[in-house]
2 protein chains.
Amino acid sequence: MNDKSKTTRPAAKPKARVAKGFRDIDADEIRGTREMLATIQRVYESYGFEPVEQPFIEYTDALGKFLPDQDRPNAGVFSFQDDDEQWLSLRYDLTAPLARYVAENNQGQLPSPFRSYRQGWVFRNEKPGPGRFRQFMQFDADTVGSSSPAADAEVCMMAAYTMEKLGIAKGKYIVKFNHRKILDGLMDALGLSGSENDQRRLIVLRAMDKYDRLGMKGVTQLLGAGRTDESGDVTVGAGLSDRAILAIGSMLMKKEISELIGPTNEELLCQLEDSEFAVNSTFAEGISELRQMDRLLLQSGYSGSRVAFDSSVIRGLEYYTGPVFECELLMETKDEDGKPVRFGSVGGGGRYDDLVARFTGQAVPATGFSIGVSRLYSALKLVGKAKTTQTLAPVVVTVMDKERQGDYWKFAQSLRGAGIRAEMYIGTGNMGKQMKYADKRGSPLVVIQGGDEKAAGQVQIKDLRKGAELAAGIATHEEYASQRLAQVSVPEAELVEQVKKMLQQ
Amino acid sequence: MNDKSKTTRPAAKPKARVAKGFRDIDADEIRGTREMLATIQRVYESYGFEPVEQPFIEYTDALGKFLPDQDRPNAGVFSFQDDDEQWLSLRYDLTAPLARYVAENNQGQLPSPFRSYRQGWVFRNEKPGPGRFRQFMQFDADTVGSSSPAADAEVCMMAAYTMEKLGIAKGKYIVKFNHRKILDGLMDALGLSGSENDQRRLIVLRAMDKYDRLGMKGVTQLLGAGRTDESGDVTVGAGLSDRAILAIGSMLMKKEISELIGPTNEELLCQLEDSEFAVNSTFAEGISELRQMDRLLLQSGYSGSRVAFDSSVIRGLEYYTGPVFECELLMETKDEDGKPVRFGSVGGGGRYDDLVARFTGQAVPATGFSIGVSRLYSALKLVGKAKTTQTLAPVVVTVMDKERQGDYWKFAQSLRGAGIRAEMYIGTGNMGKQMKYADKRGSPLVVIQGGDEKAAGQVQIKDLRKGAELAAGIATHEEYASQRLAQVSVPEAELVEQVKKMLQQ
């Protein structure tokens, strides 16, 4: 920071506004997310994964640049320079920091293979859009130190098992997998290898990634001369030959046919093996590794209906080297135009065998899966599976006599001791204002003790929910008042028991 | 970010190192902290506080500059400029962002008073030191919209109740409170009011804050001509008159006497009232407000032994306007030199009536308490009250035959289904390496099924804990081997039951 900030600081009152691309989160979402995270945690723990937490800030060079769509250096991340001139960045995912952690602690301290999980906020310095924020939470599980396809299969099965534990039934989600070597082999075979083709490869992969949304026509345009969308925006095409477009197109078509006839993973892999690209050795290696992965899936009862091969899975991040995964939810939701569409991806991952070697030069194989927490929570809400913990609003103990706050406070405290949420009113206001407050709070009950009740050793308990119900069926204000809502009077000593009883109703 | 980063980025391998002043957190601390946070959450919920979560990044002008010891503009915070030239900062506490939240959402959406809580990481761009990090977690509770001393008292009582719920017994902690107006009144009376005395006031408050550590001699020096410590470092003094030093000193002395004779809060307030400063109206107002606060404390059974007046409580943050609080743990620990000292502060807070008005111009009274999460966790560990959830390391299912991974995976999965942590070994390695892995993992049991066992429909379960115990009492390697450790063989169908039985031992 420097003097610039001084000059831009307004002398007048600052405007209270959340920063662009960020958001505040309300109580319902916090509680619902908390429950969801606890379930994921339990699953991951049951698979033997251990929690690790890392700082939000890392040296920029330790994070590396692996974001998709990153044209300028350090675009996409929030960065700043430290006192000692070193550049620091806010993490943009949880995988790059994990690689640093492993490289730093891998002198025998960690078991091998090392299974770990982590949840946390990550930051992207990108242009925000609707539903697209610059801070979001990921929940990752990673296995470091195993090159076995069993490790990849395990991560996919764990993702599937997690969905089911969260209440998303088998058939309502699918964990799809593909292999970078299949994509690389395809690029090779199409004459698109080498760094001079970086840009074209990216266009091809992005085009394939858009098949679900744009259909064959749009993809064909993107692979060829380019595409102009409805708004007139032009996307540059990859300029592939007709033969290449036909080859890629038929691979994507097969995917569409697959969805209709539901072949096994093995059938799909055989189909690839029969394709013209299989002469490419990278492509063939990919098929072989996926076949090993599928063996365990098959033996464990996860192949096909839960974890399925899908040649259209791309995953944008540049650090993947082997199998790549994506978890898609199949239930319907509405898109921006109100059209029904599949809910779509809630997470993904893959194998990143070179990420630790960036630091150490020594190959450390690794694979992992990352859940997009907010998206998954939205999905659970959509299907009515988001637990909102049924947190009841607190009972409000009203203050009739300011001199006797201590008594009211003790009422509240005795309720808390019995596990019941309770507040003593601490604003300034008469009974009407206090009742209005309780109403706004959504309180189920209020507790009242005036002078007469005190003298008789009694407390009143008013049921606001019942009051509202009664009021709904009552025409006039007089009738409303005459009902005196739903109200009981009990001895002080029975307060807790009575409140419990009324809350259970 | 700009081209500079490009030139500092090394072409060679980056070094894997956690950034200066940051740290990775291990599984034990994560699990222990998680339990502790859940307890605090339950308490705060039971008091009717609602969760709120806010972004890590706010506009710099919305956060304001309230850090102590802040000499340069924006020193102390991590900041960067957005695309649209606005300055953004990582939050340095959770109170300033809450003020923004309230100012932005206070058009009738929030109940009034509004009780909320939040936990989260905050960031300070400061020089790190031993045990002093640039990222740390706070857990805050705040009541906005009530100017009643009952709101201040409630927050203090809730802090006390939280300590007891965490297992810190009454008498092992104390929530201390003071009032900014008492400090301000004292400064007034000593002729140190006005902005021209900002620097001297700061020196005086810092000196008073150091009484516990430096004793009367050190404080007297700091209030007067200045102090030279053992290392030769010179601290500039406030240059007060002897009369002023005597007055402040006797106030601090009274605190020391208090600790010996344990007067009530009311006795202490009366003492202040009798002091020469009481003619100052600010000072007198402070006393009056504290007395109101103490009335509720007294009626509720919290005054004195749990929540005690202490005229030496300062709190550095500039935004406090009324009562200030500090929660101190009284059990002993060792300081850097190994000398026994009190554990000290684990949190604090106070009233900040002007923080929302910064934005809106309209006064919105507010008070709150913030817990330093890592410090509190260290304290709980020190007194053996940190729950480590007794998370057992997972059972390891070994792989004797790679072709049969699916069977092993199903063993693991059946254990998980019964709530037992289990892993299938996914590294490459013979039985010896797998046992070594299980050992390193701290696994209680391993499951083994070779060809013979498979043919007989049996599985072996080895108890590694017993093995270790036996080994400890056995002299020779032969004896060790002959014991065959502690090992049983059961039919496949009884695997889960048998593992459960052995884990319960």
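Copies are superposed by least squares on the C-alpha atoms of residues with pLDDT of at least 70 in both. The model is a predicted one. On this basis, chain A falls on chain B after a rotation of 180°, with 0.0 Å of shift along the axis. The RMSD of this superposition is 0.1 Å. The two copies are thus related as by a two-fold rotation axis. Within chain A, the residue that comes closest to this axis is Phe80(A), whose C-alpha lies at 3.3 Å. The same surface serves both copies, as 99% of the contact residues of chain A recur in chain B.

The contact between the chains was examined next. Chain A gives 86 residues to it, and chain B gives 85 residues. On the side of chain A that touches chain B, 37 residues are nonpolar. A further 27 are charged, and 22 are polar.

Chain A is split into two domains. Domain 1 is made of two segments, 20-196 and 253-382. Domain 2 spans 395-504. The C-alpha centres of these two domains of chain A are 52 Å apart.

Nonpolar cores were then traced. The largest has 133 residues. Cys156(A), Val397(B) and Val447(B) have the most contacts inside this core. Its largest share comes from helix α5 of chain A (residues 149-165), which supplies 11 residues. Val397(B) is in contact with Val447(B). Leaving aside neighbours within four places in sequence, Val397(B) also touches Tyr408(B), Phe411(B), Ala412(B), Ala422(B), Glu423(B), Met424(B) and Tyr425(B). Another core, of 131 residues, lies apart from the largest one. Among its members are Ala19(A), Ala151(B), Val204(B) and Ala238(B).

Helix α13 of chain B covers residues 373-382. Five of its residues are buried: Val373(B), Leu376(B), Tyr377(B), Ala379(B) and Leu380(B). These residues cover an arc of only 160° around the axis, which puts them on the same side of α13(B). Their cover includes one helix of chain B, α2 (27-46). It also includes the chain B strands β6 (135-144), β11 (323-334), β12 (340-351) and β13 (366-372). Just after α13(B) comes Gly384(B), which takes a positive phi of about 70°.

Definitions and conventions
Residues numbered from 1 in each chain as written. Chains lettered and ligands numbered in written order. Predicted model: local features only at pLDDT ≥ 70, side-chain atom pairs only at ≥ 80, totals over all residues. Contact = placed C-beta atoms within 7 Å. Nonpolar A, V, L, I, M, F, W, Y, C, P; charged D, E, K, R; others polar. Buried ≥ 20, exposed ≤ 12 C-beta atoms within 10 Å, placed from the backbone. Helix = DSSP H or I, 4+ residues; strand = E, 2+ residues; numbered from the N terminus. Arc of directions from axis to C-beta. Domains from an automatic or database assignment. Core = buried A, V, L, I, M, F, W, Y, C linked by C-beta atoms within 7 Å.
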